[in-house]
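Hi,

Here is the structure I promised to pass along. Have a look at it first, and then read on for what turned up.

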Amino acid sequence: MTTLLLTHPACLEHDTGFGHPERADRLRAIEDALAGKDFAELKRERAPRAGLDAIERLHPKAYVEMVQAEIPKQNHNWLDPDTVVSPGSWEAVLRATGAVLRAVDQVATGEADNAFCAVRPPGHHAEPSKAMGFCLFNSVAVGALHARAKHGAKRIAVIDFDVHHGNGTQAAFWEDKDLFYGSTHQMPLFPGTGAKDETGVGNICNAPLSPGDGSEDFRAAFEARILPALDKFAPDFLLVSAGFDAHLKDPLAQIRLLEPDFAWVTEKLMAAAAKHAGGKLVSTLEGGYDLEALADSSAVHVKTLMGA
């Protein structure tokens, strides 16, 4: 099993300011966790820049130009009350999105069996024309459209186990029957979307969890709702929004998962990819704000991808 790990130092230069939970130390924690001998077999690459043509398959040109224009020459700027940009943010978001594009290329052509993109800023809250929730460009949705445009994928699924609902991915996929979005997430919680009755054109499957829910509830939601819907959709390419903020220790929510739960869901998604998509799976980092929990959870996710 060849697992590709994509990251880039530029992702550390997206400076969100003092006290912001989505900070560069998140990536440093993951890098430290993946530096050990258990991960020696990873295929490691620096993420390339995404081309604007790929980004503009999802995000209108005017929106992309607006984001670029809002990048300050010094200090910070705010695109919304949660979403901060700094002088390094443009390069960071091009590398974060480029990581997913490169991962899709490598997995689609068989150069890697699967991939994990350890990048920031995250993406799943970014709607086609709106930055929000720490996110500028929706890299996982851009990756899905790239798999279609460049590699002929017909039916593409994104599964999202971040504790916050990926409103941006849902919005991007809402009217396209050949794009599937499945999500477990806490409700009520930011961004307020993700109810069970939000179904798009039958291609959206939400499985909301309640504050205080733990392993049994999470696994039941996957077994009862997400996995059967994914199986019925039968994707030929699978992407994962891997947020680790449903961990018990995370400060931004109240779901009570532990590392074995992230290993379990990774195994289930790998099995679905093997059944329908020749194993083609690309995962990218979304949330996770307790550094120790993020490091440990990312490590078990990647170790599972490696078949360890």
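Is H4 largely enclosed by the rest of the structure or not, and how many of its residues are buried? Please keep in mind that this is a predicted model. Buried here means under 20% relative accessible area, and 16 of the 20 residues of H4 meet that mark, so the helix is largely enclosed by the rest of the structure.

H4 covers residues 89-108. From its first C-alpha to its last it reaches 28 Å, close to the 28 Å expected at 1.5 Å a residue. Just after the helix comes Gly110, with a positive phi of about 80 degrees.

Next, the nonpolar core. The largest one holds 93 residues, and the members that touch the most others are Phe161, Phe222, Phe237, Leu239, Leu269 and Val282. Helix H4 gives the most to this core, contributing ten residues. In soluble globular proteins, nonpolar side chains tend to be buried together. If you would like one residue to click on, try Phe222: leaving aside residues up to four places away in sequence, Phe222 touches Ile159, Phe161, Thr184, Leu227, Pro228, Trp264, Val265 and Leu269.

Finally, the start of the chain. Thr2 lies in the segment before strand E1 (3-7), and it counts as partly exposed because its relative accessibility is 31%. Beyond residues up to four places away in sequence, Thr2 touches Lys43, Glu111, Ala112, Asp113 and Asn114. Its C-alpha is separated by 15 Å from that of Arg102, a residue 100 residues apart from Thr2 along the chain.

Best wishes

Key. Residues are numbered from 1 along each chain as its sequence is written. This is a predicted model: local features need pLDDT of at least 70, side-chain atom pairs count only at pLDDT 80 or more; totals for chains, interfaces and linings use all residues. Side-chain values use heavy atoms; hydrogens and water are left out. A nonpolar core is a set of buried Ala, Val, Leu, Ile, Met, Phe, Trp, Tyr and Cys residues joined through side-chain atoms within 4.5 Å. Buried means under 20% relative accessible area, exposed over 50%, partly exposed in between (1.4 Å probe, protein chains only). Helices (H or I, at least four residues) and strands (E, at least two) are DSSP runs, numbered from the N terminus. Contact means heavy atoms within 4.5 Å. The expected span of a helix is 1.5 Å times one less than its number of residues.
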